[in-house]
Amino acid sequence: MEIVGYKNADRVYALAARGKLNKIRKDGKPSLDDSALNILMFMALHCINKEDAQAVKKEERPYWCYWGGQNQIIEGLGLGPNIDVSVGLDGNVSPEAIKQLEVRVKAAKNKITSACNSLRSYGLLKELKAPNSFAGKNKLWLLLLGNQSENEEAERQARAYFGLPFSGEKKD
C-alpha cells in the first residue's frame, strides 16, 4: 500500500486538537495517547482521503478504509524485525536472534492491538470485517475521521463496495 491519504493527516491532527485522542491518566488529567495517534496516522496515510473524490469515483474505491494489517504497520513504523540478525558460518541464524525477533514482533503486535482497542473506544476506528488467516486476509478497518454524517457515508460506501451487510442486516 502506498501513502495516498495526505489530507487525512489534517483530519487526524484536528481530532487530536479537539481532545479525541486523549486518555485519562491516573491523576485524572487528560494526556495525548501517543500510540493511538501514531497508529491512526499510519492508517490514515494509507487510506484514500474523502477529498480526493475523483479518485474515489474513478476507481470506485471507498475512502478511510485500511486493510494493510499489523505487519505493514510493524514494518512501516520500525517496530519489528529490523534488528541485526547474525548469520553464522554454517549459514544459520542463532536461536537467540530468532527468539529476540519473535519477542519483538509479539510486543509490536500487542502494542498495535492495544492502540486499536483505544481508537475503537475513542470512536475513531471501526472494524468492518474480521481477518481470515486461512485466506490471508487482514481486518478491514474504517477510520472515523469526519463528523457523524461523513462517517456514516464512508461506512455505507465501504459496506457496499466490499459486499458487507449494513447495520442490523445479515449477509446471505
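**Reading ring pairs and cysteines**

Modeller: A search of the whole structure, which is a predicted model, finds three aromatic pairs.

Colleague: How should I read the geometry of such a pair, and what is the arrangement of Trp67 and Phe162?

Modeller: The general idea is to look at the angle between the ring planes, since planes over 60 degrees apart count as edge-to-face. Trp67 and Phe162 form a pair of this edge-to-face kind, with 5.8 Å centre to centre and 70° between the planes. Because Trp67 lies in the loop between β3 (65-66) and α4 (69-76), while Phe162 belongs to helix α6 (residues 148-162), the pair ties together parts that are 95 residues apart in sequence.

Colleague: Which ring pairs with Phe162 at 4.8 Å centre to centre?

Modeller: That ring is Tyr161, whose pair with Phe162 is edge-to-face, with 85° between the planes. Ring pairs thus link Trp67, Tyr161 and Phe162 into a cluster.

Colleague: Are the residues of this cluster buried or exposed, and how do I judge that?

Modeller: One reads the relative accessible area, where a value between 20% and 50% counts as partly exposed. Trp67 is partly exposed at 30%, Phe162 is partly exposed at 27%, and Tyr161 is partly exposed at 43%.

Colleague: Turning to the cysteines, how many disulfides does the structure hold?

Modeller: A disulfide needs two cysteine sulfur atoms within 2.5 Å, and the structure holds zero disulfides. For Cys47, the nearest cysteine sulfur is that of Cys65, 6.8 Å away, so Cys47 is in no disulfide. Cys47 is nevertheless buried, at 0% relative accessibility, and Cys116 is buried with a relative accessible area of 6%.

Key:
Residues are numbered from 1 along each chain as its sequence is written. This is a predicted model: local features need pLDDT of at least 70, side-chain atom pairs count only at pLDDT 80 or more; totals for chains, interfaces and linings use all residues. Side-chain values use heavy atoms; hydrogens and water are left out. Buried means under 20% relative accessible area, exposed over 50%, partly exposed in between (1.4 Å probe, protein chains only). Rings of Phe, Tyr and Trp (its six-membered ring) pair if their centres lie within 6.5 Å; planes under 30 degrees apart count as stacked, over 60 as edge-to-face and the rest as tilted. Helices (H or I, at least four residues) and strands (E, at least two) are DSSP runs, numbered from the N terminus.
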